[in-house]
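Got your viewer open? Take this tour one stop at a time, selecting each piece as it comes up.

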There are 2 protein chains.
Amino acid sequence: MSNPVIDVALDSLHHVAISVKDIRQAVAWYTRMFRCKVTYQDDSWAMLEFANLKLALVVPGQHPPHIAFVHAEAERFGNLHPHRDGTRSIYISDPSGNAVELFSPDSI
Amino acid sequence: MSNPVIDVALDSLHHVAISVKDIRQAVAWYTRMFRCKVTYQDDSWAMLEFANLKLALVVPGQHPPHIAFVHAEAERFGNLHPHRDGTRSIYISDPSGNAVELFSPDSI
């Protein structure tokens with residue numbers, strides 16, 4: 001607890017992805033409601049940057065809602081999928097069936 | 001972007017709450033998978049603290065899954081509900097029906 005902003009002894013969430021009906025409508029609402037930056041947007045998903053987290057908006061059927069973490073040993077869970085931005089991750093499920101994405105810290 | 005850790009020009013997420021089948025099972029899995037702190041736990045929900053966000057685990061029917069933000073004008077959306085820890089918040093819905101909780105910044 002030596003750092004009041006980020007406790008480096010704890011892992012970080014990378015982003016959270018929630019389902020929305022319409023990307024354009026959702027981006028309009030979230031950017032009107034909150035101070036956030038749109039860092040990506042197409043018809044199937046968008047990424048909003050907040051102070052402490054990225055919030056992804058996804059359309060059901062195109063991308064699953066999920067929570068994404070940085071995990072020191074992401075490779076342990078299988079082959080990581082490379083993304084266009086250079087990051088690498090893998091999806092697993094928690095015991096309740098929630099989609100959990102694990103990012104390799106060296107790709108962030 | 002003057003601060004590499006927290007961009008104060010952007011709003012923050014306060015926590016994210018996801019549905020799980022069983023709190024004890026979920027807490028065991030998340031604490032085994034990640035470096036996080038259990039700051040609250042009973043049979044209907046638990047709160048896990050990560051470096052940049054709190055993750056709530058909730059049982060469907062007891063608490064809705066939701067995403068919670070700090071909003072400078074939370075009071076504008078109605079009467080805030082006081083919580084036992086002194087925080088005050090209100091639930092609204094986004095256009096897709098997702099539950100969104102707004103916390104008054106002066107109660108955080």
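Two strands pair if DSSP finds at least two bridges between them. Helices (H or I, at least four residues) and strands (E, at least two) are themselves DSSP runs, numbered from the N terminus. Before you click, know that this is a predicted model: local features need pLDDT of at least 70, side-chain atom pairs count only at pLDDT 80 or more, and totals for chains, interfaces and linings use all residues. Residues are numbered from 1 along each chain as its sequence is written, chains are lettered from A and ligands numbered from 1 in the order in which they are written, and side-chain values use heavy atoms, with hydrogens and water left out.

**Stop 1: a hairpin in chain B**

Select residues 45-49 of chain B, which is strand S3, and add S4(B): this pair is antiparallel, with five bridges. Four residues sit between S3(B) and S4(B), and the two form a hairpin. To see one bridge, pick B:Glu49 and its partner B:Lys54 in S4(B).

Now add strand S1 of chain B, residues 13-19, which runs parallel to S4(B) and is joined to it by five bridges. Here B:Val16 has B:Leu55 as its bridge partner in S4(B).

How many of the five residues of S4(B) are buried? Four are, so call this strand (residues 54-58) mostly covered; buried means under 20% relative accessible area, exposed over 50%, and partly exposed in between, using a 1.4 Å probe and protein chains only.

**Stop 2: a proline in a loop**

Move on to B:Pro64, in the loop between S4 and strand S5 (66-70) of chain B. With a relative accessible area of 42%, B:Pro64 is partly exposed. Leaving out residues up to four places away in sequence, B:Pro64 touches B:Ala17 and B:Val58 (contact means heavy atoms within 4.5 Å). Try a distance, too: from C-alpha to C-alpha, B:Pro64 and B:Val100 are 10.0 Å apart, with 36 residues separating them in sequence.

**Stop 3: chain A as a whole**

Switch to chain A, colored by secondary structure: there are one helix and eight strands, in the sequence pattern β-α-β-β-β-β-β-β-β. Its C-alpha atoms fill a box of roughly 35 × 35 × 30 Å along the principal axes. Of the 108 residues in chain A, 49% are buried.

Follow the strands across the open sheet of eight: S2-S3-S4-S1-S5-S8-S7-S6 of chain A, with mixed pairing. Strands S2 (37-41) and S6 (81-82) of chain A stand at the edges with a single partner strand each, so one side of each has no neighbour in the sheet.

At the S2(A) end, S2(A) pairs with S3(A) in the antiparallel sense over four bridges, and A:Gln41 stands opposite A:Ala46 in S3(A). At the S6(A) end, two bridges make an antiparallel pair of S6(A) and strand S7 (residues 88-93) of chain A. Look for A:Pro82 opposite A:Arg88 in S7(A). Five residues lie between the strands of this hairpin, and A:Gly86 takes a positive phi near 95°.

Next along, S7(A) and strand S8 (residues 99-103) of chain A are antiparallel over five bridges, with A:Tyr91 opposite A:Glu101 in S8(A). These two also form a hairpin with five residues between them, where A:Gly97 in the turn has a positive phi of about 90°.

**Stop 4: where the chains meet**

Select A:Asn52, in the loop between strand S3 (45-49) and strand S4 (54-58) of chain A. Is A:Asn52 buried or exposed? A:Asn52 counts as buried, because its relative accessibility is 13%. A polar atom of its side chain lies 2.9 Å from the backbone oxygen of B:Leu13.

Then click B:Tyr30. Apart from its neighbours within four places in sequence, B:Tyr30 is in contact with residues including A:Ile67, A:Phe69, B:Cys36 and B:Leu48.

**Stop 5: the cysteines**

Finish with A:Cys36, buried at a relative accessible area of 15%, and B:Cys36, which also counts as buried at 15% relative accessibility. How many disulfides are there over all chains? The count is zero, taking a disulfide as a pair of cysteine sulfur atoms within 2.5 Å.

Terms used
A polar contact is a pair of N or O atoms within 3.5 Å; within protein, one must be able to donate a hydrogen and the other to accept it, and residues adjacent in sequence count only if both atoms are side-chain atoms.
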